[in-house]
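Let's take a walk through this model together. Keep the picture beside you and find each piece as it comes up.

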Amino acid sequence: MKNEKALAFVNMYGILGALENLCILDSKAKEILKEIKKPVALCFDVKDGPCRTFHFDKNGCKITEGSDGSSCKMNFASPEKFNLLIDKSKPGVPVKGVVTLLKFLTGPFSKLTARLEEVLRPSKEALSDPAFFEENTLMTMYVIAGAVSALANNDPIAKISAENTPDGDIYFAIKDKAAITLSVKEHRFTTVKAPCENPRAIMEFSDIKLANGLFNGEVSTVNEMCKGNIRLAGVLSMVDNVNRILDRVAVYLA
Amino acid sequence: MSKYPEYIHTKSREWFNRALNVIPSGIYGHLGPSEGLFLPLEKWPLISSKAQGTYFWDMDGNKYIDLMCAYGPNVLGYNDPDVDAAAIAQLKDGNCTTAPSYKMVECAELLVNTVETADWAYFMKNGTDATTFAFMCARAYTKKKKVIFFKGYYHGNDPWAMKADYPGILPSDVENNIIVPWFDMDALERVYEENHGDIAALIAQPYDHGNFYDNVCATKEKWQKVRKFCDDHGIVLIIDDVRAGFRLDLKGSDHYYGFKADIICFCKALANGYNMSAACGREFLKASASSLSFTGSYWMSAVPFAASIACINKMIKLDTPTLFKQKGEKLTSAFKKAAEENGFDLVVSGEPALFYLRIANDDSLMLHQEWVAECVSRGLFIASHHNHFINAALSDDDIALAADIANDAFSVVAKRHPDKLIK
């Protein structure tokens, strides 16, 4: 029961949105970035879907909304076409900076997305390294965080949960490791990959191992709440609704 | 130094850990840590060993004044001697039998004589059974399919009464549900037109006693407009009185608000903890009620009927709605006074018999949750997200003790957050 438009937003804000975090957290990604001789601002513009620009340089990746400032651009005729880029590496139609675009897409961008896949879908052996296990968990959290807002605003079922979520900031975190903010205004969600000062609700996992288990569906959120391993506080109807959206995230990211 | 030292829950926690091994979530549902919002978990008793009157004890022997009343069923006091005597006597005569006991007939007659709108009574076990019965009965009578709910609704756990984003629920389970804001007459007329009149029922609680927000009492005028809307369009008006039933008015909460439901659903206060629920309805729906295929193995067990008869008669004798209003007002006034003395703005909402509390010093409920946790860990069992319940065993001394513990808990929280207090 996936909606193609909602999936396009998950792919843009969840999967590709995690590139900016990959470029900060991952040493191999940093090596790939060194190949970039001149900054590239790559825009993906999806008809009836999202439009974002990914600004790459030697130091990292920054993402902006819309196409302003893009040096190259690729159009997709529909959300379905864009989803094929993620599922089958099938590109859209280059419409701006074609030479730069093709060179970048087949070069650093492909390498970065391949590395992203390695980090997000690792082998069991790779996960036995504690440092990589932590990186995988944090990256998964950023993907999920982007996907939550993408679905809250676009998936027909998650929108029901969003409709029942009051305004305010939700602090979503792994204790002492990372925190993001889900900001809700008039039932629309925005993911901010940074902690907030005055949350109305808190959902904090006690450690990396627990977070990893929760993200991979190996342990139950409710069970861990009952054990006291998830710190909850504030307007819990917000967290309750986010939990329902997380169920939808699992469907889309499966 | 706190006047009431915090309880320790070592044994309760051991039992809870055993529960976690063999029961999903250890304690699932509203009595458990997740839906019950035990924040933080270590402050809560989790598992009880015994109960009496308005108190229960946990596995460590800690004693709690219980203002949740098992989320409603404790209406006369735990182990009420009159109700228990009737139940035990019936147990000796027979309980779950092939031919139902005459107690079922007596119980139905008592409900029909007590509840204003009741021309008949139909018995089942839980509130969900009663609301589902009412929903099916309305469909059977009207031959229509859609149901109107008021926003923030809760009418039990059957798929038809839930929402499409709940685990295990399909959009098709709830595709016939229409949700409108409380008492929004324009919205009601609009959805009636939009759905070409294909509406079997409107189901609502007697007032908005939802969770996580201040409860909003209804008015007679508002209900009269809804009643007229249903009459004009041939819509069955179902009142879900599972939570509030018999606490506002022994004739039904519809009577309290000056109108007559077509079907009214009862459960919690019906038998002082013995397991039964009932739907009562008007004569014109009796044939449709008869037509339903809707029954259960224990629905005609005699012990709960005997308990219910004793419970209803005692509620009549004590005039519990008047008692609950007085006790609720006295208790919440004492809580408000304690809050003010410690720099807190405690908002009390809803009907006094089912009062809802919220500390308004911040907008996140975090201070409120902290205060509730400090109350619970000192022996006053309340909830941070849900309305509370008064029972008849709650004495003036109990109210004084509850207020004193509340005051102590306020002082503990105040010391931690001097910057958030009202000067």
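## A hairpin to start with

Start in chain A, where E1(A) and E2(A) make a hairpin with four residues between them. In that turn sits Asp48(A), which has a positive phi of about 60 degrees. The two strands run antiparallel and are joined by six bridges. One pair to look for is Phe44(A) and its bridge partner in E2(A), Arg52(A). Keep in mind that this is a predicted model.

E1(A) covers residues 40–46, and it has another partner too: five bridges join it to strand E4 (residues 72–76) of chain A, this time running parallel. There, Leu42(A) stands opposite Cys72(A). How many of the seven residues of E1(A) are buried? Seven of the seven, so to speak the whole strand is mostly covered. In a regular strand, side chains alternate between the two faces of the sheet. Here Val40(A), Leu42(A), Phe44(A) and Val46(A) point one way, while Ala41(A), Cys43(A) and Asp45(A) point the other way, and all are buried.

## The five-stranded sheet of chain A

Chain A also has an open sheet of five strands, in the order E8-E7-E6-E9-E10, with mixed pairing. Its edge strands are E8 (188–192) and E10, each pairing on one side only. Ignoring direction, neighbouring strands are turned by 15 degrees against each other on average.

Look at one edge: strand E7 (residues 178–185) of chain A and E8(A) run antiparallel, with five bridges joining them. Leu182(A) stands opposite Thr191(A) here. At the other edge, E10(A) runs antiparallel to strand E9 (residues 201–205) of chain A, again with five bridges. Phe205(A) stands opposite Ile230(A) in this pair. Is E10(A) mostly covered or mostly uncovered? It is mostly covered, with four of its five residues buried.

Now add the helices. H7 (residues 130–154) of chain A lies across E6 (168–174), E7 and E8, running at about 160 degrees to E8(A). H11(A) packs on the sheet as well, touching E6, E7, E9 and E10 of chain A. The direction of H11(A) makes about 55 degrees with that of E9(A).

## Where the two chains meet

Next, find the place where the chains touch: 21 residues of chain A are in contact with 24 residues of chain B. On the chain A side, the elements giving two or more residues are helix H8 (156–163), helix H10 (221–227), strand E10 (230–234) and helix H11 (236–253). Which of them gives the most? That is H10(A), with five residues. The chain A side divides into twelve nonpolar, five polar and four charged residues.

How sure is the predictor about chain A? The average pLDDT is 94, and 100% of the residues score at least 70. Within chain A, H10(A) has the lowest confidence, at a mean of 83, and helix H1 (residues 4–15) the highest, at 98.

## The seven-stranded sheet of chain B

Over in chain B there is an open sheet of seven strands, ordered E4-E10-E9-E8-E7-E5-E6, with mixed pairing. Strands E4 (120–124) and E6 (177–180) are the edges, each pairing on one side only. From one strand to the next, the twist averages 20 degrees.

Strand E9 (residues 263–266) of chain B pairs with strand E10 (residues 277–281) of chain B in the antiparallel sense, over four bridges. Cys265(B) has Ala279(B) as its bridge partner in E10(B). Helix H5 (residues 185–194) of chain B packs on this sheet, touching E5 (146–150), E6 and E7 (199–204). The direction of H5 makes about 155 degrees with that of E6(B).

## A helix on the inside

Finish with helix H9 (residues 302–318) of chain B. Its 17 residues reach 24 Å from the first C-alpha to the last, close to the 24 Å expected at 1.5 Å a residue. Why is H9(B) described as largely enclosed by the rest of the structure? Because twelve of its 17 residues are buried.

Among those buried residues are Phe305(B), Ile309(B) and Met315(B). What covers the buried residues includes helix H2 (81–93), helix H3 (102–114) and helix H10 (320–341) of chain B. Right after H9(B) comes Asp319(B), whose phi is positive, near 50 degrees.

Methods: Residues numbered from 1 in each chain as written. Chains lettered and ligands numbered in written order. Predicted model: local features only at pLDDT ≥ 70, side-chain atom pairs only at ≥ 80, totals over all residues. Contact = placed C-beta atoms within 7 Å. Nonpolar A, V, L, I, M, F, W, Y, C, P; charged D, E, K, R; others polar. pLDDT = per-residue confidence, 0-100. Pairing = 2+ DSSP bridges. Axes fitted to C-alpha atoms, helices over the stretch in contact; angles between N-to-C directions. Expected span 1.5 Å × (residues − 1). Buried ≥ 20, exposed ≤ 12 C-beta atoms within 10 Å, placed from the backbone.
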